[in-house]
Amino acid sequence: MILNEKFIKLHTGRNIKIVDSCVSTFDEIGKYDVIIAQSQEKGVGRGDHTFASPRGGLYIVMRLMGVYIDPHTLTPAVGLALHDTIYTMLGLKTDLKWVNDIFFNGKKAAGILCKCPRKAEYLVGIGINYATDKKEFEKAGLSDVAISLDAPESRASAFVTGLINQIRRASIATFDNEKYSKFCINVGKMVEFDYSGTRVRGFAEKVDADGSLIVRIGNATVAVDAGEVSIIRAAE
């Protein structure tokens, strides 16, 4: 896949570095505004998880600066921005899995990880299975959970450009929780999550304006603002 660095810089106004491969884009970004890699040796996931990063994907870390950015809604706002960019640039309909995944045809196609290394500085990491060969998922044992967008490589530079600009706008805009809820596959489902050290189940009602997932448990509601939330299948 060929990425046109000059084109992306021109149409984003950002200081960008493109590499063929690296250990991790979080380690590689340095003083750049955006780092884009086509593969990673040790992609970083949430918690102690890794993110499989074979060739064919797009692995991006973008630096955002400003006290105006709301850290509580940043991850879902970026998710919505990615969802919208995939639709407008590639014509593909995807779903959002709270709080940091993009699903395509029932499987994970992209993940998001936001870090705050210092006050008013945010690093937004995005891993996208853009044009990944399905054999890569087979080798990693991920065929049941991961999927490629199978997007045209000729559109990659325009896609990345659109995504960078969309994320910049989303980071300073009011988070559209109603739109997020509309495309969130957790909403309207029974879910399971850890609450005060106990594994509990409840009905996910919506994503709130602060980015939390509102879950009804009996007559009470709980605002889940972090952690893994699993969707309970009907047979479970």
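**Notebook: a sheet, a patch and a pocket**

I began with one residue pair, and I found that V191 stands opposite I231, which lies in strand β14. I keep in mind throughout that this is a predicted model.

From that pair I turned to the strands, and I noted that β10, which covers residues 190–195, is joined to β14 by 2 bridges, the two strands running antiparallel. I then looked up the sheet as a whole, which is an open one of 5 strands with antiparallel pairing, in the order β13-β12-β11-β10-β14. At its edges I found β13 (220–224) and β14 (230–231), each of which has a single partner strand, so one side of each is left without a neighbour in the sheet. I reminded myself that strands of a sheet pair through backbone hydrogen bonds, either parallel or antiparallel.

Next I looked at the surface, where V67, Y68 and I172 form a nonpolar patch whose accessible area comes to about 370 Å² together. I placed I172 in helix α5, which covers residues 156–172, and I recorded I172 as exposed because its relative accessibility is 55%, where the cut-off for exposed is over 50%.

Last I looked up the largest pocket, for which I wrote down a volume of about 720 Å³. Its lining is made up of 38 residues, of which T50, F51, D101, K108 and G111 are the closest to the centre. Among the elements that give two or more residues to this lining I listed α2 (25–28), β5 (58–65) and β9 (121–128), while β8 gives the most, with 6 residues.

Terms used. Residues are numbered from 1 along each chain as its sequence is written. This is a predicted model: local features need pLDDT of at least 70, side-chain atom pairs count only at pLDDT 80 or more; totals for chains, interfaces and linings use all residues. Side-chain values use heavy atoms; hydrogens and water are left out. Two strands pair if DSSP finds at least two bridges between them. Helices (H or I, at least four residues) and strands (E, at least two) are DSSP runs, numbered from the N terminus. Patches are made of residues with over 30% relative accessible area and no salt bridge: like charges are joined within 9 Å, nonpolar side chains (Val, Leu, Ile, Met, Phe, Trp, Tyr) within 5 Å. Accessible areas come from the Shrake-Rupley method with a 1.4 Å probe; for residues, only the protein chains shown count as cover. A salt bridge is a side-chain nitrogen of Lys or Arg within 4 Å of a carboxyl oxygen of Asp or Glu. Buried means under 20% relative accessible area, exposed over 50%, partly exposed in between (1.4 Å probe, protein chains only). On a 1 Å grid over the protein atoms alone, a cavity is a set of points where a 1.4 Å probe fits but cannot get out, and a pocket is an open set with protein on both sides within 12 Å along at least five of seven lines; lining residues have an atom within 4 Å of a point. Grid points are joined across faces, edges and corners, and a volume is the space filled by probe spheres set on the points.
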